[in-house]
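Good morning, and thank you for coming. I would ask you to look first at the sequence and the structure, and then I shall go through several parts in turn.

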Amino acid sequence: MATETDVGGNDNGLKKRGCGCSKQDFLPEESFQSWTSYVKALSNTKSRLKDRLLTRSMDHVELNEMRSRSQHEMKKTLNWWDMIWFGMGAVMGAGIFVLTGEAARNYSGPAVVVSYLISGVTALLSVLCYTEFSIELPVAGGSFTYLRVELGDFIAYIAAGNILFEYVVAGASVARSWTSYLATLLNHDPNSFRFHVSSLSEDYSHLDAIAVVVSVLVCIAACKSTKASSRFNSIATIIHLIVLLFIFIAGLTKANPNNFSNFAPNGIRGIVKASSILFFAFVGFDGVATLGEEVKNPGRDIPIGLIGSMLVIITVYCLLAATLSLMQPYYQIDVNAPFTLAFQAVGMKWANYFVALGALKGMTTVLLANLLGQARYFTHIGRTHMAPPFLATINEKTGTPINATIVMTILNSIVGFFTSLEVLANLLSLATLFIFSLVALALLVRRYYVRGETTASDRNKLIGFLVLIIGSTIATAAYWALGKNGCIGYAVTVPIWFLATLGLKVMVKEAKKPKLWGVPLVPWLPSASIAINVFIMGSIDGASYVRFGIWTLMLLVYYVFIALHASYDAAKEIESSATARSQP
């Protein structure tokens, strides 16, 4: 890694890069310069926690002071065309080939098309919220930045820690799936391409060297150039779309309309349950939002890229789901390899190779977009000193966050090398839905509360209405999760949500209008995004909540002993610099 040493003690805090790795790369803050300093910092934990708990950053701090800590600027090389392809490349992986079978056979039947539409609309609502933020705050931190500005340091830290863990799990899972589909393409059993070590536990005994090699190759591409990564992503995604078009056309030649006769065998509950599973086929766009710092014209390129790509994805997913349901009766659809076995059932076994090729292409672009998002999240977290600041470094030549990219690749590779797909699947959590809900909440705060301008009365009404919106949606999700078939609970919770949102619209003055582009129908769409995301969270298994709780507890320990004090010192440094500049 590179080290940093102060040059001449100038006020700009310029650094000179050298070889090696020192303590200053990890903990350069005043609180960690000696054991005496650290003990003193720990003794002030209560006051520091009170200071940082709800402290909100400001737009200009994130856009200027935070970015300057990376020493060099990321290169603005992306346009709306790049963003559209990145959006599709980040989302359209193997999900359509895996999740559709379980959702159609076990829950929704042919109504899996409706389930995809529900999930897609839910994702689109989140995309709208992300788009407004990414235009106003085009920086590498994505949702971490948005939450830091509107909901405070602490909530942003907890959210960022969970999304990074989710990225690592997703990256490792996709890398191992890459090996499995390559084996399928070459008519081999997936584990035949892995090394078996009998001395290890069964869940960790099939070592996947191919997953590591693929991750490293993607890392090299991501480090070299964002524009070059964009070109590769565009070509690979175009090939992926061509393969999906072939699957769509070939499948329709074997379509049987009678397979739609029992359209929703398990009713609305089956459709909604399926949509909670299929929602994970739409995640990934949040990582694209972290590319805002590298976009030439954020006000134009980001809305076209994010919203345009999501509309294409929704359409493609619904068409492919309809094709699968027309090829086979829903009760014959295979849970693990729905498209592969559907083509075999209609006498088109050769089409399996196109399915595997499409999955490989899709997973490659997902790996690339996933790593780009991971690195940029980590870069901005490093800028705040909640993570080691050496991660914030931007390479002068490439304009990319090489340190953060390499660190995330190492983590992805370690997890992907040892851990089986079954274990990784069980680690899927509600982090993504949790953060989508927080971003929608942050947007409402941004629109209705401005420091120094919003009256105390409006602030209190805003808090009250937000509590009612969140409380009613949690109650609705809990009522659903308990399997209650009656409508009594919904007759109470849904009107409360509606009246609280209406009250926010009518009784609280909107304090801030977006400068370039904004989410329409505020507060209705952000409120609906919160409601639907939380509702889907009610369908997630208990193991995910346990994982979420354990990991969040680990994050809290790190925060109290390290991140709190590092970010406190860094924030005070910014305040001191601002005070010094304001003095004549």
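How many of the eight residues of helix α8, residues 143-150, are buried? Eight of the eight are buried, so helix α8 is largely enclosed by the rest of the structure. Please keep in mind throughout that this is a predicted model. The buried residues of α8 are Ser143, Phe144, Thr145, Tyr146, Leu147, Arg148, Val149 and Glu150. The list includes Arg148 and Glu150, and residues with such side chains count as charged. After α8 comes Gly152, with a positive phi near 105°.

Two residues of α8 appear again when we turn to Met386. Met386 sits in the loop between α16, residues 352-383, and α17, residues 402-418. Is Met386 buried or exposed? Its relative accessibility is 2%, and Met386 therefore counts as buried, the cut-off for that class being under 20%. Once neighbours within four places in sequence are set aside, Met386 is in contact with Phe144, Arg148, Asp153, Tyr157, Ile381, Tyr558, Ala563 and Ser567. Phe144 and Arg148 in that list are also among the buried residues of α8. By contrast, Phe354 lies 32 residues from Met386 along the chain, and their C-alpha atoms are separated by 45 Å.

I turn now to the pairing of α9, residues 153-185, with α16. The two helices pack at about 155°, and their axes are 9 Å apart. The angle makes α9 and α16 roughly antiparallel to each other, since angles over 145 degrees fall in that class. The crossing of α9 past α16 is left-handed. By class, the residues of this contact are 23 nonpolar and five polar, with no charged residues.

The next helix is α14, residues 298-327. Why does its length agree with expectation? At 1.5 Å a residue, its 30 residues should span 44 Å, and the end C-alpha atoms are 43 Å apart, which agrees. Of those 30 residues, 22 are buried, so α14 is largely enclosed by the rest of the structure. One residue in this helix is Ala322. Ala322 is buried, with a relative accessible area of 18%; the limit for buried is under 20%. Leaving aside neighbours within four places in sequence, Ala322 is in contact with Val113 and Phe260. Between Ala322 and Leu78 there are 34 Å in space, C-alpha to C-alpha, and the two are 244 residues apart in sequence.

I come now to helix α22, residues 524-537, and its packing against α20 and α21. Helix α21, residues 488-507, packs with α22 at about 150°, with the axes 10 Å apart. That makes α21 roughly antiparallel to α22. Their crossing is right-handed. On the α21 side the contact involves Trp497, Phe498, Thr501, Leu502 and Lys505; on the α22 side, Trp524, Ser527, Ala528 and Ala531. Sorted by class, six of these residues are nonpolar, two are polar and one is charged.

How do α20 and α22 lie to each other, and at what angle do they cross? The axes of α20, residues 456-481, and α22 come within 8 Å and cross at roughly 30°. These two helices are therefore roughly parallel to each other. The crossing of α20 past α22 is right-handed. Ile469, Thr473, Ile474, Thr476, Ala477 and Trp480 in α20 meet Ser527, Ile530, Ala531, Val534 and Phe535 in α22. This contact divides into eight nonpolar and three polar residues, with no charged ones. Ser527 and Ala531 appear in the contact with α20 and also in the contact with α21.

The loop between α21 and α22 deserves a word on backbone geometry. Pro523 is found in this loop, and the peptide bond from Val522 to Pro523 is cis, with omega near 10°. Leu521 is in the loop as well. Although Leu521 is not a glycine, its phi is positive, near 55°. With a relative accessible area of 59%, Leu521 is exposed, the cut-off being over 50%.

My last residue is Gln71, in the loop between α4, residues 59-68, and α5, residues 80-91. Gln71 also has a positive phi, of about 75°, although it is not a glycine. At 26% relative accessibility, Gln71 counts as partly exposed.

Thank you; I would be glad to take questions.

Note on methods:
Residues are numbered from 1 along each chain as its sequence is written. This is a predicted model: local features need pLDDT of at least 70, side-chain atom pairs count only at pLDDT 80 or more; totals for chains, interfaces and linings use all residues. Side-chain values use heavy atoms; hydrogens and water are left out. Axes are lines fitted to C-alpha atoms, for helices over the stretch in contact, and angles run from 0 to 180 degrees between N-to-C directions. Helices (H or I, at least four residues) and strands (E, at least two) are DSSP runs, numbered from the N terminus. Angles under 35 degrees count as roughly parallel, over 145 as roughly antiparallel, 65 to 115 as roughly perpendicular and the rest as oblique. A crossing is left-handed if the near helix is turned anticlockwise from the far one by less than a right angle, and right-handed if clockwise. Contact means heavy atoms within 4.5 Å. The expected span of a helix is 1.5 Å times one less than its number of residues. Buried means under 20% relative accessible area, exposed over 50%, partly exposed in between (1.4 Å probe, protein chains only).
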